[in-house]
Amino acid sequence: IASSQNILGEIYCGGLGVSQDYAVALDWYRKAADQGYARAERNLAFMYEEGLGVEKNYGEAFGWYKRAADQGDVVAERSLGNMFYDGRGTEQNYAEAAGWYQKAADQNDAESQTRLASMYADGRGVDKDDAKALYWYQKAADQGYSEAEYRLGSIYESGRGVRQDYAAAAKWYGNAAGKNHAPAQYSLGSLYEKGLGVARNYSYAAGCYLKAAEQENADAEARLGSMYYEGRGVERNYPEAEKWSGKAAEKGNASSQNLLGDLLNQEQKYAEALTWYRKAAEQDNAAAERNLALMLETGYGTERNDAEALSWYQKAAEQGEVIAEGRIGRMNFYGLGTERKYDEALKFCRKAAEEGDAEAQRLLGHMYENGLGADRDAAGAVSWYKKAAGQGDVLSQCRLGYMYENGRGADRNTDE
């Protein structure tokens, strides 16, 4: 009897009351499958797909899944969809994948409903349709399928195809997070950290990040490292910050690579810091580009290289990094890594000065005082010296005193 043969296969495959033996399981599955028993066909396919008791063979797996799927076996329909989607045992065909997911979804298979929803969301194998994506995600989420709950949360957070609703996003993320779904735990933490749809709670956010980080979710590791570094939601703890940032950095997270560089820099491990700054900078992280440039300009952890430093400052400045703009202005002013160019110095110092960079404000004052890169403008010089002096820049305070003493750009005022 095929059903009994299949049951024997499942007993040996699972080691249920007997020693687990894939070869014996395979033999019983085959006996039942050869009689056209759908569940056994699907089980036999799985053995070939995973290489259990037999050499892995996607072509054989595909063939047996197809036999079972043609009989309406829902797991086989989903598995066949997966093989068409991935191009295993057959040519990749998204339309065929969607068709088989549809069959399984119509039988209320939550995983297939979720996969079908994803295809509608991406327009892969079917016409892009946010409404249908929402429909199928909702069907799967209503069955408590965590991936669908997470995706539904993402839809409400982004407002894609629906009215943006952070509270609804928090609800669905919470449902999935409760099932230990790491991306949902991270996303829920993010909402609590930002106070979106929920009352802002840094401590709760850190707890969510920790749960996801313990499952090696890189985004959560990165945020947890940052929170330990800043002492937000947790007590400030640099070793913990280095631990979690290090994990995320190893996974390629650029912000964590930069933070790890900062931590190593504080420990005066300059060469190691430089390595991580460079990794992050090569991913276009503006802060890391600036930090790498600072190391190259000052010669910490490497030989001093003004030209390369200037190049990295320029990359950071293109992303609006204020300190980098100021450093470019300074390097052009002094002719470091480039010829002395007062017009470029004026341009970049002004950008940084307007953002509050004290050194840039002082250099801008100097250029206006002396007509470097611009017409002489004593009043303009006084204005910028004042801004820098107000931030405690000693050289600007000295120059401002001189200007007041001699009545340059302002009424003569010896008290000032």
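The legends below accompany several close-up views of this predicted model.

**View A. Asn108 in the loop between α6 and α7.** In this view the backbone of Asn108 has a positive phi of about 70 degrees, although the residue is not a glycine. Asn108 lies between helix α6, which covers residues 94-106, and helix α7, which covers residues 110-122. With a relative accessible area of 40%, Asn108 is partly exposed.

**View B. Gln268 in the loop between α15 and α16.** Gln268 is not a glycine either, and its phi is nevertheless positive, at about 60 degrees. The loop that holds Gln268 connects α15 (254-266) with α16 (270-281). Gln268 counts as exposed because its relative accessibility of 58% is over the 50% cut-off.

**View C. A salt bridge between Glu267 and Lys269.** The side chains of Glu267 and Lys269 meet at a distance of 3.1 Å, taken from N to O. Glu267 is partly exposed, at 36% relative accessibility, and Lys269 is likewise partly exposed, with a relative accessible area of 37%.

**View D. A salt bridge between Lys66 and Asp70.** Side chains of opposite charge can pair when their charged atoms come close. Here the side chains of Lys66 and Asp70 form such a contact, with 2.9 Å from N to O. Lys66 is partly exposed, its relative accessible area being 29%, while Asp70, at 49% relative accessibility, also counts as partly exposed. Asp70 is not classed as exposed, because its value of 49% does not pass the 50% that this class requires.

**View E. A salt bridge between Glu297 and Arg330.** The side chains of Glu297 and Arg330 meet in a salt bridge of 2.9 Å, again given from N to O. This pair links distant parts of the chain, since Glu297 belongs to helix α17 (residues 286-298) and Arg330 to helix α19 (residues 322-334), and the two are 33 residues apart. Glu297 is buried, with a relative accessible area of 3%, a value under the 20% cut-off for that class.

**View F. A network of salt bridges around shared partners.** Arg78, Asp109, Glu111 and Arg115 are joined into one network by salt bridges that have partners in common. For the structure as a whole, a search finds 28 salt bridges, among them the pair Lys66 and Asp70, the pair Glu267 and Lys269, and the pair Glu297 and Arg330.

How values were computed. Residues are numbered from 1 along each chain as its sequence is written. This is a predicted model: local features need pLDDT of at least 70, side-chain atom pairs count only at pLDDT 80 or more; totals for chains, interfaces and linings use all residues. Side-chain values use heavy atoms; hydrogens and water are left out. Helices (H or I, at least four residues) and strands (E, at least two) are DSSP runs, numbered from the N terminus. Buried means under 20% relative accessible area, exposed over 50%, partly exposed in between (1.4 Å probe, protein chains only). A salt bridge is a side-chain nitrogen of Lys or Arg within 4 Å of a carboxyl oxygen of Asp or Glu.
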